Amino acid sequence: MLPHYFNHLFVSGIDIYIADVLIILASISIVGVLTYFKKWKWLWREWLTTVDHKKIGIMYILAAFAMFFRGGMDGLMMRTQLAVPNNHFLGAQHYDEVFTTHGTIMILFMAMPMLIGLINVAMPLQIGARDVAFPYLNAISLWTFFFGALLFNLSFVIGGSPDAGWTSYAPLAGPTFSPGPGENYYLFGLNLAGLGTLASGINFLVTIIKMRAPGMTLMRMPMFVWSTLITSILIIFAFPVLTVALSLLSFDRLFGSHIFSMTHGGMPMMWVNLFWIWGHPEVYIVILPAFGILSEVIGTFSGKKLFGYSAMVGSLIAIAFLSFLVWVHHFFTMGAGATVNSFFGVSTMLIAIPTGVKIFNWIFTMYKGKVRFNTAMLWSLAFIPTFVIGGMTGVMLAVAPADYQYHNSYFLIAHFHYMLVGGTVFGVFSGLYYWWPKMFGMKLNETLGKWHFWLFMISFNLTFLPMYLLGLMGMTRRMYTYPPGLGWSHLNMLETVGAFGQGFAMMFMMVNIIWSIKNGERDLTGDAWDGRALEWATTSPAPEYNFAHIPMIYGRDAFWDRKYGKDKAKYTLKAKPYTPIHMPNNSGRPFLMAVAFFISFFGFVFEWWLVAGLGLLAVFFFMFSRSFETNTDHYISVEEIEHTESGGGRS
Amino acid sequence: MLSPKKRRGLTFAALSAVSMLMLSGCGSQIAVLHPEGPVAQKEFNLIVWSFVLMAFVGIVVFGLFAYMLIKYRASRPGIEKTYDPNIEGNTKLEVTWTVIPVLIVIALAIPTVQTTYALKDPPASAHDPIEVDVTSADWKWIFQYPAQHIETVNYLVIPAGVPVKFMLTSVGPMNTFWVPELGGMEFTMPGADLGLWLEADKPGVYLGRGANFSGKGFAHMQFNVYSKTQTQFNQWVSTVKSKYPALTMNEATYLVKHQGLSPIMTFSSYPAASVAQNQNTQMGM
Ligand SMILES: [Cu+2]
Ligand SMILES: [Cu+2]
């Protein structure tokens, strides 16, 4: 007897075959290179089993880049299809799959891991810690995210992609209208990755509360740390809602329950509520860390303290609080009534106030400063006007009656791309150029970086600015094609040109990375940009233990203070002797446990209960064996520290 | 900060930018900015008001931003003289840029709330409203006129100057019913009947479409709304009554259950059991 869904297993289609071939070729070459250079052991020992937050951060960023490529290709396919009216490059089914994966991947598998990666790289260094609070859990977070993303992407070649949109509204996403495994991939891929994210939130929160260097009070923390702290709280409150929603829809699809179905008392609108109770805080989860990056970068390249530090902290908290009170603005048009719409409209507008405070504080951080236009700074600077445009149109969308006209139109699409690309992605690029030397010990090339910046920034506006107008012309999102004669054609063509411009710009970044690995300016001081926070107080890249001596802190901008401040004298380190450093052991279990999760969830996707059950059993086995492990940590000896600190151990 | 002269220049630039955008927005293809009925007009007024407020904010922010970039660039001669790394903030300024946005939000919130409540009620009119029951199916629009007891598929005829109460529901995935020139959209949801008031000022043809993704045929869920004078409308109803076939239960079921597009159709009557309103839960898909 053939298992259920067996006939869905292999997807056909010329692009799928190309993808199949590419995946096989890429896998063969990776395996080949690793075998030829005898790097398997190195890969396992140094990377797959590591619990070092810096390496985990780098792996997050690497995976996020791969997902950026995938989501970007989806975007280009959409823009190619929409370039001219009545186009047949993609059919309806195919287009529906592509916009679903584009949205899901860009938000959950690109933006979030990119930011979690940067947080991992910088935050523990900025608070003067040796690692995060739970390094082992950190590895579990990484690998559950990674295999969640892998599971989701597998749908493209095995079984077929989900096609109900990244919002996955019931009943469209229910078993009646979306048969086949595609939607199951969405549910289980997201649930697995969400598990990792939730663990990250807890991990970062505890790290910041418990592991700050002596003297670093909450109000002395760098703004990036503050934004991580607030983001973690958002994650902890929001992600359980997603987990519940995904699980309930899985029950509907796999076990025939009627929670969101149209019949037997199911409530499709309940999905919409749950999704956005998570979804709105989620957009702040991907924007607040970018706010943090901006605060670091603008301060550093203006040579100034952050303007209005307390107001910045206050507005972060206000935004986080309000972000749980606005979710209905995603469906003003669902007939909740005038009172509900008024409440959620006004609460949404209120968010503009703390956000505006932040914008003005960033601008005034440059006041009486010395503004250096490095690539990292350019990205942060460009963030301000694009985010303001996105924010202003966001306020326009909050006007409930006006939203009846914008809802689901390209006006909305323009708005959130200004927030998520002009905000999050610009912030991420800023962070990458800024912390690149800290991650890899060399700077990225400035000329290539500026090409990347200008091309991307101009193309970005070319792509998304016309969308505002198209929305007002009545074009709605998720249309795979449109008839001629509506005045949409020229604007769509313009957007497609812009989209390819962005793709082209990204090649400059790739070339830059490859060029800089060989020729990039090495950062020998550890302080690549005349920085302000503690990550610049150690070598680039930082040693496994981050700081040979845990730094003492006497004020904000601790490293700047040590270099130039009035408290300089206090920081003068007496040549204290080294003491052995206590560090956690590497472990292969997080990786293996995520593999077991992956196998189990793959079984669930295809309703192969035996596979699902055995996989889960393996997961429990790994949890069980962990709880009996006694050999979990080690000491780094004084000799080894001396060797590293004298430069001998640096690659 | 900025000299009064510069400030006046900025204000002038702002006003001309706003008016230019508004003027270009009068092109009839930009449906939302070209309201053809009282509901769309109310929404348009709010759109313009929110745009003006935001344009004001934008100009202030962009101006300040450009000023800081130019004035405090590291390459400017004499930058060392103005450089002061120890500034931490300025309470007066921070209060200013908290209070002004609060005022702007109030200026926006009041008309927002007023209009939100106003749109609950039918637009003021000398005529009695008519009702059209709208059902979205995969992938077609079904319009039933309960008072006239006629049905159309994928096109709609309404009398101009008469408020129309649309009762919206769905027998499949959710969708939204949107005729931008007449007013904003509202969801169609299985198991729910949502109301939406629209009215056309004068006779004309307006394009409507489904705006919430509902599957493969979604992009084609487009329909025309023909607004006619009351006399023409009555004529049309009697023509439909006399010239078009009645909808049978079998056809009605096929329309609802068959996943596919549909040409425009007209029926002189429809079976009572085909009414989707208020009985979705029993329909059983
Ligand atoms: Cu996108
Ligand atoms: Cu939102």
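**Group meeting: a walk through the model**

Okay, let's start at the very beginning of chain A: over residues 1-6 the pLDDT stays under 50, and the model has 11 contacts for that stretch beyond four places in sequence. And yes, this is a predicted model, so let me go through the confidence before anything else.

Chain A as a whole averages a pLDDT of 92, with 97% of the residues scoring at least 70. Chain B averages 88, and there 87% of the residues reach at least 70. Chain B has its own weak patch, residues 279-285, where the pLDDT is below 50; that stretch has 17 contacts in the model beyond near neighbours in sequence. For the complex, the predictor gives an ipTM of 0.90 and a pTM of 0.93.

Now, what does the record say about chain A? UniProt, in an unreviewed entry, lists residues 38-554 under "domain: Cytochrome oxidase subunit I profile". In the model, that span is 68% helix and 0% strand, and its end C-alpha atoms lie 48 Å apart.

On to the metal. Which protein atoms are the donors of the copper ion, ligand 2? Three histidines: A:His280 through ND1, and A:His329 and A:His330, each through NE2. They lie 1.7 to 2.0 Å from the copper ion. Along the chain, the donors follow the spacing H-x48-H-H. Distant parts of the chain get linked here: A:His280 is in helix H8 (residues 268-285), while A:His329, 49 residues apart from it, is in the loop between helix H10 (309-322) and helix H11 (338-365).

Next, the holes. How many cavities of 30 Å³ or more does the structure hold? The count is 5, and the largest has a volume of about 240 Å³. It is lined by 21 residues, and the closest to its centre are A:Pro222, A:Met223, A:Glu296, A:Leu306 and A:Asp557. Helix H9 of chain A, residues 288-302, gives the largest share of that lining, with 4 residues. If you sort the lining by class, you get 9 nonpolar, 4 polar and 8 charged residues.

Last topic: some backbone geometry to look at on screen. As background, most peptide bonds are trans, and most residues other than glycine have a negative phi. Here are some exceptions.

In chain A, the peptide bond from A:Ser540 to A:Pro541 is cis, with omega near -15 degrees. You'll find A:Pro541 in the loop between helix H16 (489-519) and helix H17 (558-564).

In chain B, a cis peptide bond joins B:Asp138 and B:Trp139, with omega about -10 degrees. B:Trp139 sits in the loop between strand S1 (130-137) and strand S2 (140-145).

And where is A:Ser168, with its positive phi near 55 degrees? Look in the loop between helix H5 (135-154) and helix H6 (182-210) of chain A.

That's my tour, thanks for listening.

Notes: Residues numbered from 1 in each chain as written. Chains lettered and ligands numbered in written order. Predicted model: local features only at pLDDT ≥ 70, side-chain atom pairs only at ≥ 80, totals over all residues. Heavy atoms only, no water. 1 Å grid on protein atoms, 1.4 Å probe; cavity = no way out; pocket = protein on both sides within 12 Å on 5 of 7 lines; lining within 4 Å. Points joined across faces, edges and corners; volume = space filled by probe spheres on them. Helix = DSSP H or I, 4+ residues; strand = E, 2+ residues; numbered from the N terminus. Nonpolar A, V, L, I, M, F, W, Y, C, P; charged D, E, K, R; others polar. pLDDT = per-residue confidence, 0-100. Contact = heavy atoms within 4.5 Å. UniProt positions renumbered as here; feature names shortened; annotations may be inferred. Donors = N, O, S within 2.8 Å, 3.2 Å for Na, K, Ca; no water.
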